[in-house]
Amino acid sequence: MIEFFTFGSTNGHKVAIALEELGFPYEVRTVSIFANEGHSPEFLAVNPTGKIPVIRDREVDLVLTESDAILLYLADKAGRLVPPSGKERMRAIELLFLQASLQGPMFGQRMHFSIFSTETVPYGIRRYEEQGKNIDKLVDQLLAGRSYFLGAEYSIVDIAFYGWYFAAKWAGFEFDQHANLKAWFERVGSRPAVARGVTIPSSLPRLPARKRA
Ligand SMILES: N[C@@H](CCC(=O)N[C@@H](CS)C(=O)NCC(=O)O)C(=O)O
């Protein structure tokens, strides 16, 4: 059994989608970020960063943090949704690093400055909205001539990128002018496991109005 510490937010939804796709039995432990439960002594003992998602795989006594590391672990455990070896596997890992080091942090800062910040900081809004647009352009190029990031096969790379695109759309950051990205977003979103995953343990919250620089 897998214990899944999560919340209704982007990085949690990525892991929820993977668990639903792969069909592992799991138990949800909701950690409310809004109530600061991630910083309780009990949760900090599980993950010192205070962040979700985290899984505990009781079968092998493993606690794992970082959403993309968790996606890779679950896909390897199931033997599905990631190439098992060779150049294709390295490409998948390269794209997971790209997601975790570029799309996640930049979209996260954009969400912070344009939506959640209690102050209006025009430089922060401009910088991260610009970064977001550059990433949309890059992702559109990466998806040119292919249905999914790795080609014809849906994989955990799609799940990794989908989490933040789902939140971007929710927050009103449009990317429909990029035809490859738009078609991929709809293709991935039409999967039943994806539709379920973005509601586990709850949907994204209603957001404050978007700020303008
Ligand atoms: N790099 C981490 C980021 C995790 C993350 O930022 N989680 C957010 C929710 S989506 C969180 O727990 N925020 C609460 C906090 O930072 O205190 C991952 O990919 O898992």
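**Exercise 1. The shell around the ligand**

Task: In this predicted model, determine which helices each supply at least two residues of the shell around the ligand, and how the shell divides by residue class.

Solution: Begin with the secondary structure elements: α1 (10-22), α3 (67-78) and α4 (86-116) each supply at least two residues of the shell. Of these contributions, the one from α1 is the largest share, at three residues. Next, consider the shell as a whole, which has 15 residues around the ligand, the closest being S9, N11, K51, I52 and S67. Finally, sort the shell by class, which gives four nonpolar, eight polar and three charged residues.

**Exercise 2. The sheet and its pairings**

Task: Establish the strand order of the open sheet, identify which strands are at its edges, and describe how β3 pairs with β1 and with β4.

Solution: The open sheet has four strands in the order β2-β1-β3-β4, and its pairing is mixed. The edge positions belong to β2 (26-30) and β4 (62-65), each of which pairs on one side only. Averaged over the sheet and with direction ignored, neighbouring strands are turned by 20° against each other. Turning to the individual pairs, β1 (residues 2-6) and β3 (residues 54-57) run in the antiparallel sense and are joined over four bridges, with R56 in β3 as the bridge partner of E3. On the other pairing of β3, the sense towards β4 is antiparallel, again over four bridges, and here V54 stands opposite T65 of β4. The strands β3 and β4 form a hairpin with four residues between them, and within that turn D61 has a positive phi of about 55°.

**Exercise 3. The setting of α1**

Task: Describe where α1 lies with respect to the strands, and work out whether α1 and α6 are parallel, antiparallel, perpendicular or oblique to each other.

Solution: First, place α1 against the strands: the helix lies across β1, β2 and β3 and runs at about 155° to β1. Second, take the partner helix α6 (residues 156-170), whose axis comes within 9 Å of that of α1 and crosses it at roughly 140°. Third, compare this angle with the cut-offs, by which angles over 145 degrees count as roughly antiparallel and 65 to 115 as roughly perpendicular, while those in neither of these ranges and not under 35 degrees are oblique. The two helices α1 and α6 are therefore oblique to each other, and their crossing is right-handed. Fourth, list the residues that meet: from α1 these are T10, N11, H13, K14, I17 and A18, and from α6 they are I156, I159, A160, G163, W164, F166 and A167. By class, the residues of this contact divide into eight nonpolar, four polar and one charged.

**Exercise 4. Backbone geometry**

Task: Locate the cis peptide bonds that precede P53 and P201, and say where in the chain E66, with its positive phi, is found.

Solution: As background, most residues other than glycine have a negative phi, and most peptide bonds are trans. Against this, the bond joining I52 and P53 is cis, with omega about 5°, and P53 itself has its place in the loop between α2 (41-46) and β3. I52 is also among the closest residues to the ligand. A further cis bond leads from I200 to P201, with omega near -5°, and P201 belongs to the segment after α8 (192-197). As for phi, E66 has a positive value near 75° although the residue is not glycine, and E66 lies in the loop between β4 and α3.

Terms used. Residues are numbered from 1 along each chain as its sequence is written. This is a predicted model: local features need pLDDT of at least 70, side-chain atom pairs count only at pLDDT 80 or more; totals for chains, interfaces and linings use all residues. A residue is near a molecule or strand if its C-beta atom, placed from the backbone, lies within 6 Å of it. Ala, Val, Leu, Ile, Met, Phe, Trp, Tyr, Cys and Pro count as nonpolar, Asp, Glu, Lys and Arg as charged, and the others, Gly among them, as polar. Two strands pair if DSSP finds at least two bridges between them. Axes are lines fitted to C-alpha atoms, for helices over the stretch in contact, and angles run from 0 to 180 degrees between N-to-C directions. Two residues are in contact if their C-beta atoms, placed from the backbone, lie within 7 Å. A crossing is left-handed if the near helix is turned anticlockwise from the far one by less than a right angle, and right-handed if clockwise.
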